[in-house]
Amino acid sequence: MADDLFKALADGTRRTILDELTEKSGQTLFEICARLSMKHGLGISRQAVSQHLAVLEAAGLVETRREGRYKFHDLNVAPLRHITERWLHPPVHAPEKDPS
């Protein structure tokens, strides 16, 4: 899972998509494309954005839900928490006892 997470975060466009979902979760593909174009000057196709979203979803950073004919994309920060807890807050182990 960590490999998918780091792969997803390695791309600048995907990090920008995450920034946009942080600002406003629950966006459709159309909304995400419009925000990327207007706010960031990214002229990428809907298909490219959809592929980026698929990578983010595979990493667990984006969850989708359908309402009627609309598909909404929501940010999920749980995988990021897992990584930060892994290195920033490792579990404390009891010291080993000396067998003598």
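Contact here means heavy atoms within 4.5 Å. Keep that in mind for the exercises below, which all work on a predicted model.

**Exercise 1. Work out which residues bring H2 and H4 together, and how the two helices are oriented.**

Step 1: start with the residues. On the H2 side, pick out Thr13, Arg14, Ile17 and Leu18; they meet Val49, His52, Leu53, Val55 and Leu56 in H4.

Step 2: sort them by class. The contact of H2 with H4 comes to six nonpolar, two polar and one charged residues.

Step 3: get the geometry. The H2 and H4 axes come within 10 Å and cross at roughly 80°. Angles of 65 to 115 degrees count as roughly perpendicular, so H2 is roughly perpendicular to H4.

**Exercise 2. Find the angle at which H2 and H3 pack, then list who makes the contact.**

Step 1: recall what you need. Two packed helices are described by the angle between their axes and the distance between the axes.

Step 2: read off both values. H2 and H3 pack at about 105°, and their axes are 11 Å apart. That puts H2 roughly perpendicular to H3.

Step 3: list the partners. H2 brings Thr16, Ile17, Glu20, Leu21 and Glu23, while H3 brings Ile32, Arg35, Leu36, Lys39 and His40.

Step 4: sort by class. You should end up with four nonpolar, two polar and four charged residues in the contact of H2 with H3.

**Exercise 3. Do the same for H3 and H4: are they parallel or perpendicular?**

Step 1: take the axes. Those of H3 and H4 (residues 46-58) come within 10 Å and cross at roughly 110°.

Step 2: name the orientation. With that angle, H3 and H4 are roughly perpendicular to each other.

Step 3: see who touches. Leu29, Phe30, Ile32, Cys33 and Leu36 do the job for H3, and Arg46, Val49, Ser50 and Leu53 for H4.

Step 4: classify. Seven nonpolar residues sit in the contact of H3 with H4, along with one polar and one charged.

**Exercise 4. Describe the largest pocket: its volume, its lining and the elements that supply it.**

Step 1: a word on the idea. Rolling a probe the size of a water molecule over the atoms shows where empty space is left.

Step 2: the volume of the largest pocket is about 200 Å³. There are 13 lining residues, and those closest to the centre are Leu29, Ser50, Leu53, Lys71 and His73.

Step 3: trace the lining back to its elements. H3, H4 and strand S2 (70-75) supply at least two residues each, and H4 gives the most, with five.

Step 4: check the chemistry. The lining divides into five nonpolar, four polar and four charged residues.

**Exercise 5. Compare two residues of the loop between H2 and H3: is Thr28 buried or exposed, and what does Ser25 count as?**

Step 1: place them. Thr28 lies in the loop between helix H2 (12-23) and helix H3 (29-40), and Ser25 is in the loop between H2 and H3 too.

Step 2: apply the cut-off. Buried means under 20% relative accessible area. Thr28 has 13% relative accessibility, so Thr28 counts as buried. Ser25, at 38%, counts as partly exposed.

Step 3: look at their partners, leaving aside neighbours within four places in sequence. Thr28 is in contact with Tyr70, Lys71, Phe72 and His73; Ser25 is in contact with His73, Asp74 and Leu75.

Step 4: add the C-alpha distances. Thr28 and Thr64 are 36 residues apart in sequence and 9.4 Å apart in space. For Ser25 and Phe72, 47 residues apart along the chain, the separation is 8.5 Å.

**Exercise 6. Locate Glu63 and say which residues Glu63 touches.**

Step 1: find the element. Glu63 belongs to strand S1 (residues 62-67).

Step 2: judge the accessibility. The value is 44%, so Glu63 counts as partly exposed.

Step 3: list the contacts. Not counting residues up to four places away in sequence, Glu63 touches Phe72, His73, Asp74 and Asn76.

Step 4: finish with a distance. The C-alpha atoms of Glu63 and Leu75 are separated by 6.4 Å, with the two residues 12 apart along the chain.

Methods. Residues are numbered from 1 along each chain as its sequence is written. This is a predicted model: local features need pLDDT of at least 70, side-chain atom pairs count only at pLDDT 80 or more; totals for chains, interfaces and linings use all residues. Side-chain values use heavy atoms; hydrogens and water are left out. Helices (H or I, at least four residues) and strands (E, at least two) are DSSP runs, numbered from the N terminus. Buried means under 20% relative accessible area, exposed over 50%, partly exposed in between (1.4 Å probe, protein chains only). Axes are lines fitted to C-alpha atoms, for helices over the stretch in contact, and angles run from 0 to 180 degrees between N-to-C directions. Angles under 35 degrees count as roughly parallel, over 145 as roughly antiparallel, 65 to 115 as roughly perpendicular and the rest as oblique. Ala, Val, Leu, Ile, Met, Phe, Trp, Tyr, Cys and Pro count as nonpolar, Asp, Glu, Lys and Arg as charged, and the others, Gly among them, as polar. On a 1 Å grid over the protein atoms alone, a cavity is a set of points where a 1.4 Å probe fits but cannot get out, and a pocket is an open set with protein on both sides within 12 Å along at least five of seven lines; lining residues have an atom within 4 Å of a point. Grid points are joined across faces, edges and corners, and a volume is the space filled by probe spheres set on the points.
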